[in-house]
Amino acid sequence: GQSNQFAAIERVAARYRPLVVWGGHQAGQTHCSVGSDNWAGGHLAGQRLAQRGVSRVAFLGDPNAPEAGQRYEGFRAALHEAGITAEPVIISTHFAADSIATDIAAQIERLKTGIDGIFAASDVIAMTALRVLADHQLTVPGDMALIGFDDLPIATQTVPRLTTISQDIERGARELVEALFARIGGADSPSVIMEPALVERDSA
């Protein structure tokens, strides 16, 4: 996965061809990536929250990382299109799952200042947010609507069940392996950008 290592992956890909990465695509990149259209996914999340009538929203994640950054920009664009002019409150979280709860809890007071909608850059972040919000007597979707990104199988097991942006993980895995085999065999393989989809459940 790209995480926040886009530049490092580019340096390796310039001299090592059998390399395929899960993640976002940027115009002109050297390495082959397979992943979703993150901007479009963020846009879907923004549209859904706007339909819910939110007025003050937060983004949970690290917009400096390529995938999360693209999701944030699509989210922000959809809000502006809907006439929501207030900029999203950014609650930056680490990538490591065991740090996410601490990151959110440390900034919980910012979520208590009129926030009524949250877009989390991943389902793991969204699920962790559900627990932290409950620990601070904030309800979803009562006090605020919440949307994740990934559509992990466990998203149907949370309380409430998680509204999220689905990535076609099965197709992505197949594309990754096929691209890698092609490159091992000396052929080229282009990046693959898959269309995401909104999965409506109970959290938003």
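**Exercise 1.** In which loop is proline 141 found? Describe the peptide bond that precedes it, and treat the corresponding bond of proline 160 in like manner.

*Solution.* The model is a predicted one.
Step 1. Proline 141 belongs to the loop that connects α6 (123–135) with β6 (145–150).
Step 2. Valine 140 and proline 141 are joined by a cis peptide bond, whose omega is about 5°.
Step 3. For proline 160, the bond from valine 159 is likewise cis, and omega is near 0°. Proline 160 is placed in the loop between β6 and β7 (163–166).
Step 4. As background, most peptide bonds are trans.

**Exercise 2.** Examine the backbone of glutamine 137 and of aspartate 150. Is each residue buried or exposed?

*Solution.*
Step 1. Glutamine 137, located in the loop between α6 and β6, is not a glycine, yet its phi is positive, at about 60°.
Step 2. The relative accessible area of glutamine 137 is 67%. The threshold for an exposed residue is over 50%, so glutamine 137 is exposed.
Step 3. Aspartate 150 is part of strand β6. Its phi is also positive, about 140°, although aspartate 150 is not a glycine.
Step 4. Aspartate 150 has a relative accessibility of 14%. Buried means under 20%, and aspartate 150 therefore counts as buried.
Step 5. For reference, most residues other than glycine have a negative phi.

**Exercise 3.** Determine which residues of helix α1 (residues 6–13) are buried, how they are arranged about the axis, and what they pack against.

*Solution.*
Step 1. The buried residues of α1 are Phe6, Ile9, Glu10 and Ala13.
Step 2. Viewed down the axis of α1, these residues fall within an arc of 105°, so they line one face of the helix.
Step 3. Their packing partners are β1 (20–22) and α3.

**Exercise 4.** Characterise the packing of helix α2 (residues 38–51) against helix α3 (residues 66–81).

*Solution.*
Step 1. The axes of α2 and α3 lie 6 Å apart and form an angle of about 40°.
Step 2. Because of this angle, α2 is oblique to α3.
Step 3. The crossing of α2 past α3 is right-handed.
Step 4. On the α2 side, the contact includes Asn38, Trp39, His43 and Leu49. On the α3 side, the contributors include Glu67, Arg71, Phe75 and Leu79.
Step 5. Sorted by class, the contact of α2 with α3 comprises seven nonpolar, seven polar and four charged residues.

Conventions. Residues are numbered from 1 along each chain as its sequence is written. This is a predicted model: local features need pLDDT of at least 70, side-chain atom pairs count only at pLDDT 80 or more; totals for chains, interfaces and linings use all residues. Side-chain values use heavy atoms; hydrogens and water are left out. Axes are lines fitted to C-alpha atoms, for helices over the stretch in contact, and angles run from 0 to 180 degrees between N-to-C directions. Helices (H or I, at least four residues) and strands (E, at least two) are DSSP runs, numbered from the N terminus. Angles under 35 degrees count as roughly parallel, over 145 as roughly antiparallel, 65 to 115 as roughly perpendicular and the rest as oblique. A crossing is left-handed if the near helix is turned anticlockwise from the far one by less than a right angle, and right-handed if clockwise. Contact means heavy atoms within 4.5 Å. Ala, Val, Leu, Ile, Met, Phe, Trp, Tyr, Cys and Pro count as nonpolar, Asp, Glu, Lys and Arg as charged, and the others, Gly among them, as polar. Buried means under 20% relative accessible area, exposed over 50%, partly exposed in between (1.4 Å probe, protein chains only). The arc is that of the directions from the helix axis to the C-beta atoms.
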